[in-house]
Amino acid sequence: METWKLIVSGVVQGVGFRWSVQNFAKSLKLNGTVKNNPDSTVTITLQAPRKAVRQFIQELPQHISSFAKIKDIETEELTGVEKMHDFHVLY
């Protein structure tokens, strides 16, 4: 299984963004995590094929809190990550 790290910038902290991401990822049956970063970005880690990650990125803006605004999403494939189960918000 492929593992992807997405760094999302914009208005993505303190606006219900992580919970929106969790709900959307679960609706697509994707495993992974979402967490806030000290630099006001959010990291989403997904275990999914490239095609599913592209779909997630494309449709994410329509599934986030109305207070959140995505400016940019950087994508990086990770290696050597253990299998994830379900999708969780990290603190």
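**Exercise 1. Classify the exposure of arginine 50 and find its charged partner.**

Step 1. Arginine 50 has a relative accessible area of 39% and is partly exposed; buried means under 20%, exposed over 50%, and partly exposed in between, with a 1.4 Å probe and protein chains only. This is a predicted model, in which local features need pLDDT of at least 70 and side-chain atom pairs count only at pLDDT 80 or more, while totals for chains, interfaces and linings use all residues. Residues are numbered from 1 along each chain as its sequence is written, and side-chain values use heavy atoms, with hydrogens and water left out.

Step 2. The side chain of arginine 50 forms a salt bridge with that of glutamate 77, at 3.8 Å from N to O. A salt bridge here is a side-chain nitrogen of Lys or Arg within 4 Å of a carboxyl oxygen of Asp or Glu.

Step 3. Arginine 50 belongs to helix α2 (residues 50–59) and glutamate 77 to strand β4, so the pair links parts that are 27 residues apart in sequence. Helices (H or I, at least four residues) and strands (E, at least two) are DSSP runs, numbered from the N terminus.

Step 4. Glutamate 77 is also partly exposed, at 39% relative accessibility.

**Exercise 2. Determine how many salt bridges the model has, and locate the pair formed by lysine 5.**

Step 1. The count is three salt bridges.

Step 2. Lysine 5 pairs with glutamate 76 at 3.6 Å, N to O. Lysine 5 sits in strand β1 (residues 3–11) and glutamate 76 in strand β4 (residues 69–78), so this pair ties together parts 71 residues apart in sequence.

Step 3. Lysine 5 is partly exposed at 27% relative accessibility, and glutamate 76 is partly exposed at 39%.

**Exercise 3. Give the strand order of the sheet, its edges and the packing of α2.**

Step 1. Five strands make an open sheet of mixed pairing, in the order β4-β1-β3-β2-β5; two strands pair if DSSP finds at least two bridges between them.

Step 2. The edge strands are β4 and β5, each with a single partner strand, so one side of each has no neighbour in the sheet.

Step 3. Strand β2 (residues 31–36) runs parallel to β5 and is joined to it by three bridges. Valine 34 has valine 89 in β5 as its bridge partner.

Step 4. Helix α2 packs on the sheet and touches β1, β3 and β4, where contact means heavy atoms within 4.5 Å. The direction of α2 makes about 10° with that of β1; axes are lines fitted to C-alpha atoms, for helices over the stretch in contact, and angles run from 0 to 180 degrees between N-to-C directions.
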